[in-house]
Amino acid sequence: MKKTLLVALLVLVFLSFSLFAAGVKETSSGPIAFSVFYSDNATLPFKGDWLTVTEVQKRVNAKVEFEIIPIVDYQTKVSLALNTGTNAPDVILYQSTKGENAALSLNGAVVPISDYEAWTPNFNARVKEFGLEDDVASLKLKDGKRYFLPALFDVPFYDGGLILREDLLKKYNLSAPKTFEDLYQVLKVFKQHNPTSYPLTILAGPRVLYRMTMPSWGISLGKNGASGSNTLSWDYANKRYFAGAISEQYKSYITYMHKLYAEGLLDPEMAEPIDGDRWTQKLATGKAMASYAYYDQLGGVTANSTIDGFKLQMYPALAGPEGAHHQPKSKTGSGILFPIKTAKRADFEQLVRTVDEMFFSEENAKLWCLGVEGTTYTTQNGKVVFVDEIRNSSEGIYKSLQVKYGCGSDVTQMVWVNAREMTKYDENYARINAEVEAMGDVIQAIPPTPKFDDRMAEEAGTLQTPLFDAFERWNSAFLTGSKSIEKDWDAYVKEMKNLGIEKFTELYNANL
Amino acid sequence: MKQGKQLQKGSYVARYWQLYAMMVLPLLYFLVFKYVPMLGSVLAFRRYRPGMGPFGTEWVGLTYFSRFWSDPAFWRAFRNTLVLSLLNLVVNFPIPILFAILLNEVHILPFKKVVQTVSYMPRFISTVVVIAILGELLSPSSGIINILRQQVFSKEALYFMNEARFFRVIYILVDTWQYTGWTAIIYLAAITAIPAELYEAATIDGASRTQQIFYVTIPSIMPTIMVMLIISVGRLLSLGFEKVLLLYTPDNSMVSDIIDTLVYRTGLANQNYSYATAIGLFSGIIGVILVSSSNALSKKLTGEGIY
Amino acid sequence: MKTYRTPSSLFFSFVVYLVMVLSLAVCLIPFLYMLSLSISSPKAIINNEVFLIPKGLNLQSYIQIFTYPNFFKAYGNTFFYTFAGTAISLMLMILFAYPLSKTRLKGVKFVMRLVIFSMFFSGGLIPNYLLVSYLGLTNTRLAMLIPFAINQFNLILLINFFKSIPLDLEEAAIIDGLDYKGILVLIILPLSTAALATVGLYTAVFFWNDWFHGLIYLKSSQFPVMLFLRNIVTGTSMVGDAAGSGDKSTIAISIKSAVIITSTLPIIILYPFLQRYFVKGVMIGAVKG
């Protein structure tokens with residue numbers, strides 16, 4: 001009797017303990033609090049009272065402390081936090097695992113979020129919906145784990161490209177160019193009518209021109225080359241890297257560009273960065289009639305031009321020797337990273353689930369893109385219609401949503417549905433995008449990043465910089481004609497080989 | 001309170017204890033905030049692996065040193081740094097002194113004050129904007145200078161900002177514009193400390209204004225000049241990084257790449273802090289050598305040095 | 001002010017004034033250019049119609065800056081860092097410079113070597129960061145004031161100025177029974193107003209402009225105004241690190257100019273106020289030669 005009583009008592013005690021423990025596991029109903037690093041772009045400064053920010057915190061019952069860091073120094077601050085392990089926030093936005101972050105992740109400074117798949121149901125659902133399983137899987141590092149939650153794009157969009165003066169095309173009876181040969185002819189006509197002008201100018205620097213046009217020759221090189229290696233390009237057919245900087249394709253490309261330069265069709269000032277204002281000036285005053293830039297910027301130029309009938313239009317990618325291609329884009333983008341100390345939080349699971357819901361759930365994806373139904377838009381006949389204030393704003397729907405409500409920011413919007421995005425732009429933009437999509441394979445995928453550990457990364461780095469420096473020098477020389485492509489090409493190839501470009505290529509290919 | 005060893009009358013420490021006491025707090029500050037972090041320099045001899053501790057994970061001896069030692073790009077950057085620095089020194093060291101002396105000769109007080117204030121304003125315009133404005137001025141298509149060249153002198157337009165031969169000139173002149181007024185402040189302060197009696201004596205002796213400058217002003221501020229010179233020589237290897245970066249283009253990279261921009265590019269590519277630290281140590285050693293030699297030289301020539 | 005009106009003296013004056021007027025023009029014109037850019041309309045700027053005279057009066061740029069989130073708070077932070085920082089810095093520097101100006105004092109040479117050596121070697125970003133973090137200063141405003149309280153360059157300048165004060169004055173004071181503390185306060189400081197004004201100005205400008213330390217050590221609510229403004233001017237520049245991220249978004253030169261003007265005006269007008277200290281310190285009972 002006594003024994004049974006004792007056992008019963010023990011069971012009771014055990015039961016109550018487990019119930020108590022379970023009760024403790026059950027998180028309190030108060031909001032979960034965590035800190036976040038946010039990368040602040042000066043053109044859309046973060047506002048704590050943005051509709052998107054306040055609304056999303058309400059919806060997921062969270063209290064988020066945003067650390068606003070200027071975009072230009074963002075990487076420094078993140079690097080410092082992750083390298084020293086001190087003063088890191090709970091969540092870091094707008095990061096990927098390229099470069100130093102790969103080493104940091106492999107060395108244990110970052111949470112391998114792929115281990116916690118069960119806690120990110122919304123993210124998983126979006127990945128499936130967009131068919132990005134492979135793309136996401138390719139983000140795994142050398143140890144087979146993925147360390148961040150990337151932004152997801154269902155279809156990359158054509159947000160920038162060749163821009164021409166449509167009114168001049170009409171005036172001089174020219175048809176829209178479809179190939180680079182056509183472009184050459186068009187520019188020549190422009191120059192004929194305006195001998196003191198330099199028809200093709202560039203925004204920011206030659207790298208924008210290069211990254212948007214090189215793919216039509218089958219290469220992608222330079223500062224923002226798709227692979228990040230600067231001098232190697234990806235062979236899409238054979239799925240391996242090759243030394244793009246010394247290839248025949250590049251030779252053909254630079255010959256074309258040199259022709260444009262030599263005939264005064266290309267702005268000679270392109271070696272120095274041309275900032276937004278001067279670029280706008282050149283186009284608005286008619287000193288230039290063509291450029292490679294972003295659609296967002298057209299409005300500003302047109303609004304400020306005093307030329308009669310001034311009209312700028314964006315055109316689909318032109319065809320070069322390897323087809324019509326634009327700058328490769330990834331269907332995954334920078335996203336969310338968790339420093340390792342966050343995993344030590346008792347409520348880590350809840351935190352991950354909250355973050356997952358905040359950015360990847362269907363409703364919140366809409367929130368970050370369009371705002372709140374009833375406040376910023378209404379649905380009429382299944383179509384999204386923005387409220388008058390936004391629709392009629394002088395800066396356009398897209399910009400006004402960004403600045404006033406915090407929608408469409410690269411840092412917080414993680415889910416990008418092309419059709420939904422198009423509602424924020426005018427019909428012209430949608431038409432162009434549709435045209436581009438119809439052309440097929442214009443925007444190729446970004447080549448895969450080799451899986452280096454930090455020792456190999458260091459080795460790759462020591463090869464990369466001298467090769468890049470040499471490439472830049474020769475590229476500029478070939479372009480301007482200070483070095484002749486026919487006569488000096490071999491010397492160039494020899495120098496690049498001496499600097500180890502073949503070893504560099506092998507290193508990349510061996511670690512895919 | 002440092003009471004010294006024994007309060008013997010005339011004991012050294014007892015006599016001067018107040019002076020030592022004054023030094024305690026600042027010295028502590030120095031040791032903590034300047035010397036403790038120096039321990040981090042050990043990274044130049046260890047391999048740094050991101051996320052695995054700030055002092056690296058293993059000793060690698062002189063690997064990083066030999067890496068830059070055998071890199072021709074490094075020596076080119078080193079040479080560029082020295083040349084640019086020396087040229088800058090030769091041009092921009094005397095100019096603020098001259099400016100201060102001349103300014104001191106202005107006797108219309110309101111005008112003097114205005115010039116004084118305005119002359120140091122350029123220092124406050126962020127370098128990014130300065131270079132942008134300069135770019136516009138020197139633009140081959142729309143810049144004033146080139147328009148003048150073409151229309152008044154019938155010469156061809158030159159793309160100044162992109163040609164290697166103009167890089168050094170542009171860098172130095174921008175520096176002149178930015179810092180003359182600013183640096184002149186020190187010399188102005190030194191000049192105001194000159195006792196009026198000296199000038200009066202010189203005038204009585206019949207010295208002209210130019211003579212007064214050579215025989216009164218300059219000798220009186222010589223200690224300040226020497227101090228500034230020694231410091232400038234010591235800093236020969238540290239140049240305006242941001243300015244060079246902004247003026248750097250592939251076409252002028254052969255002369256415009258300096259040590260700091262090289263480290264920036266190499267560092268940026270692979271976050272190799274060890275490599276950067278090694279180069280930093282090397283530059284530091286050179287700097288110390290430069291300072292000690294120029295200090296010794298100054299002591300020999302003028303009897304004064306900074307230590 | 002006896003000036004001999006000899007021909008050489010007149011010519012000399014002419015040269016001086018010519019140089020000054022040229023300097024005035026060269027320094028002032030870019031500022032005026034930026035000022036007029038900052039209040040002109042974008043359309044006029046784009047059509048190249050603006051040089052020294054603004055066109056199409058437009059205060060939009062300034063309004064944008066003043067309504068930038070947290071702008072005034074950041075400005076307040078900057079003022080605090082500048083004043084407090086300069087005060088602390090001056091205090092420490094004076095305490096250090098006075099003993100160090102006595103070259104014959106035992107130990108001075110060694111300490112000077114320490115000071116100078118530290119000008120050339122630093123541990124780099126991470127060790128400094130860890131130290132400040134270890135001391136619990138990160139995310140506090142003190143992190144902006146203490147770690148860089150002494151700038152060796154300014155210290156050396158101050159030491160040099162102190163050295164130039166004639167020793168006879170000190171010796172006379174000692175005979176009169178004054179201790180070193182008293183000498184420092186009653187004799188040295190009043191005679192060094194120009195030096196203190198210079199070093200004070202340099203230090204103030206350093207604190208005013210410091211964005212880097214604010215970035216790495218502080219929380220965004222404690223950021224100085226320079227960080228915000230740097231984000232606007234450099235963050236959308238086309239060079240260096242920002243390149244690539246800034247391609248899609250541009251900020252008009254009118255805003256950048258307005259930014260420069262608002263961020264530098266206070267510190268610029270500090271100088272005229274300090275100019276009255278650039279006079280010889282009052283010599284109390286100067287010892288004749």
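The following exchange asks how some descriptions of this predicted model are reached.

Trainee: Why is His193(A) called exposed?

Mentor: A residue counts as exposed if 12 or fewer other C-beta atoms lie within 10 Å of its own. His193(A) has 12 such atoms, so His193(A) is exposed. Its place is in helix 8 (residues 180-193) of chain A. The C-alpha atoms of His193(A) and Gly160(A), 33 residues apart along the chain, are separated by 27 Å.

Trainee: Why are helix 3 of chain B and helix 8 of chain B called oblique to each other?

Mentor: The axes of helix 3 (residues 72-92) and helix 8 (residues 164-192) of chain B cross at roughly 45 degrees and come within 10 Å. Angles under 35 degrees count as roughly parallel and 65 to 115 as roughly perpendicular. An angle of roughly 45 degrees belongs to neither class, so the two helices are oblique. Their crossing is right-handed.

Trainee: What makes the contact of helix 3 of chain B with helix 8 of chain B?

Mentor: Helix 3 of chain B brings Leu84(B), Leu87(B), Asn88(B), Val91(B) and Asn92(B). From helix 8 of chain B come residues including Arg168(B), Tyr171(B), Ile172(B) and Asp175(B). By class, the contact has six nonpolar, three polar and two charged residues.

Trainee: What makes strand 6 and strand 10 of chain A edge strands?

Mentor: Four strands of chain A form an open sheet in the order 6-9-5-10, with mixed pairing. Strand 6 (200-202) and strand 10 (312-315) each pair on one side only, and they are the edge strands.

Trainee: How do you know that strand 5 of chain A pairs with strand 10 of chain A?

Mentor: Pairing needs at least two bridges between the strands. Four bridges join strand 5 (residues 160-165) to strand 10 of chain A, so the two strands pair. They run antiparallel, and Ile163(A) stands opposite Met314(A) in strand 10 of chain A. Helix 9 (residues 206-213) of chain A packs on the sheet, touching strand 5, strand 6 and strand 9 (290-294) of chain A.

Trainee: Which element gives the most to the side of chain A that touches chain B?

Mentor: The contact takes 29 residues from chain A and 25 residues from chain B. Helix 19 of chain A gives the most to the chain A side, with twelve residues. That side divides into nine nonpolar, ten polar and ten charged residues.

Trainee: How many helices and strands does chain C have?

Mentor: Chain C has 15 helices and zero strands. Of its 289 residues, 44% count as buried.

Methods: Residues are numbered from 1 along each chain as its sequence is written. Chains are lettered from A and ligands numbered from 1 in the order in which they are written. This is a predicted model: local features need pLDDT of at least 70, side-chain atom pairs count only at pLDDT 80 or more; totals for chains, interfaces and linings use all residues. Two residues are in contact if their C-beta atoms, placed from the backbone, lie within 7 Å. Ala, Val, Leu, Ile, Met, Phe, Trp, Tyr, Cys and Pro count as nonpolar, Asp, Glu, Lys and Arg as charged, and the others, Gly among them, as polar. A residue is buried if 20 or more other C-beta atoms lie within 10 Å of its own, exposed if 12 or fewer, and partly exposed in between; C-beta atoms are placed from the backbone. Axes are lines fitted to C-alpha atoms, for helices over the stretch in contact, and angles run from 0 to 180 degrees between N-to-C directions. Angles under 35 degrees count as roughly parallel, over 145 as roughly antiparallel, 65 to 115 as roughly perpendicular and the rest as oblique. A crossing is left-handed if the near helix is turned anticlockwise from the far one by less than a right angle, and right-handed if clockwise.
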